[in-house]
Each structure stands twice: as structure tokens, then as C-alpha cells.
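Work through these exercises with the model open beside you. Try each task before you read its solution.

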Amino acid sequence: MLASLSTLRTGETVRVEDVARMTVRVLIVDDQEPFRLAARMVVETTEGFEVVGESETGEDSIEKARSLEPDLVLMDVNLPGINGLDATRKILEGSSVRTVILLLSTYEEDEYAPRAAECGAAAYIPKSAFGPDRLESAWASAVDTS
């Protein structure tokens, strides 16, 4: 059975070889069902990743992140209620588990990559570029720099 990154304590180190054997637990946050379905397909076809939940709003994503303790959150920027940037901040602040958040939206990467960094997200990926390769590389970069 593969371990989850969320079982690690804050400050605990992880070897890259160990990360490769873990199942990455993913929470998908998007208000549009077609994109949630597309993101689910990307996650499920990417080896070592599994969807543990979905959410349609920023507020609900905060609650689900706390209850599900995912390793990775795929967060849309534009959401009903609080936006994805604010939801990212709230998920990361005070969390005792290591959660990586990737922001996704239809905006250009040049415009949103700096905003992703400002709110604590590991990266910004345009929805048009989101696929298994981009998911794996963003995850590897985020884990490598932690």
C-alpha cells in the first residue's frame, strides 16, 4: 500500500524516491462541472494520483481540505463566494499537514503565476495546458522545493 504525503508531520523531510512511491491524494476545486470531470480524468490517468474529493466553492474547499487532508489541491481562481486565491491562503494558514495547491484558470500564465506565489500556491497552470505531464511536473517541483 502506498503512503500519503499528508501523513507527514510539519518539518519532516521526504526523499524524492519515497515521494515517487506515494499516492498523491487530490482535491479538485472548480465551479464548472465539465472542468471538474476533465480534471478528474487527468488525475485518474496519471499514475500515483487519486481524486479524494471535489468542491464547487472556495468556502467548501476550505472545509474539505481540512476534513480530507489532501496532498494536492487543484484550485480554480474564479469561484462563487471567496475566490481561489483567498481560499488558498485560508487552506494553507494554520494547517498542520503539508498541502500543495496548484492554481488553475483560463488566464494567461504571465498574469497569474506571480499571484499564485503571493497566496502560497506552488504554481499556476492555465486550464488549456493542464494534463498529466504538467500535473506531474508541477507536483515534482513543489515537492522538490519543500
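The exercises below deal with a predicted model.

**Exercise 1. A ring pair**

Task: Classify the pair formed by the rings of phenylalanine 35 and phenylalanine 130, and find which parts the pair ties together.

Solution:
- Start with the count: the structure holds four aromatic pairs.
- Take the two phenylalanine rings. The centres of phenylalanine 35 and phenylalanine 130 are 6.4 Å apart, and their planes meet at 50°.
- Planes under 30 degrees apart count as stacked, over 60 as edge-to-face and the rest as tilted. The angle here is 50°, so this pair is tilted.
- Now place the residues. Phenylalanine 35 is in helix α2 (residues 33-45). Phenylalanine 130 is in the loop between β5 (123-126) and α6 (132-144).
- The pair therefore ties together parts that are 95 residues apart in sequence.
- Check burial: phenylalanine 35 and phenylalanine 130 are buried.
- Look over the ring of phenylalanine 35. The charged end of lysine 127 sits there, 4.4 Å from the ring centre.

**Exercise 2. Two tyrosines**

Task: Decide how the rings of tyrosine 107 and tyrosine 112 are arranged. Then ask of tyrosine 112: is it buried or exposed?

Solution:
- The ring centres of tyrosine 107 and tyrosine 112 lie 4.6 Å apart, with planes at 20°. The pair is therefore stacked.
- The cut-off for buried is under 20% relative accessible area. Tyrosine 112 has 5% relative accessibility, so tyrosine 112 counts as buried.
- Tyrosine 107 has a relative accessible area of 28%, so tyrosine 107 is partly exposed.
- Widen the view: ring pairs link Tyr107, Tyr112 and Tyr124 into a cluster.

**Exercise 3. The largest nonpolar core**

Task: Which element gives the most to the largest nonpolar core? What does leucine 102 contact?

Solution:
- The largest nonpolar core has 21 residues. Among those that touch the most other members are Val26, Phe49, Leu102 and Phe130.
- List the elements that give two or more residues: β1 (24-29), α2, β2 (49-55), β3 (72-76), β4 (100-105) and α6.
- α6 gives the most, with five residues.
- Turn to leucine 102. Set aside its neighbours within four places in sequence. Its contacts then include Leu72, Leu74, Ile125, Leu135 and Ala138.

**Exercise 4. A threonine in a loop**

Task: Where is threonine 46, and what does threonine 46 touch?

Solution:
- Threonine 46 is in the loop between α2 and β2.
- Its relative accessibility is 2%, so threonine 46 counts as buried.
- Leave out residues up to four places away in sequence. Threonine 46 then touches Pro132, Leu135 and Glu136.

Technical notes:
Residues numbered from 1 in each chain as written. Predicted model: local features only at pLDDT ≥ 70, side-chain atom pairs only at ≥ 80, totals over all residues. Heavy atoms only, no water. Phe/Tyr/Trp six-rings, centres within 6.5 Å; stacked < 30°, edge-to-face > 60°. Helix = DSSP H or I, 4+ residues; strand = E, 2+ residues; numbered from the N terminus. Buried < 20%, exposed > 50% of the residue type's maximum accessible area, 1.4 Å probe, protein only. Lys NZ or Arg CZ within 6 Å of the ring centre and 35° of its normal. Core = buried A, V, L, I, M, F, W, Y, C linked by side-chain atoms within 4.5 Å. Contact = heavy atoms within 4.5 Å.
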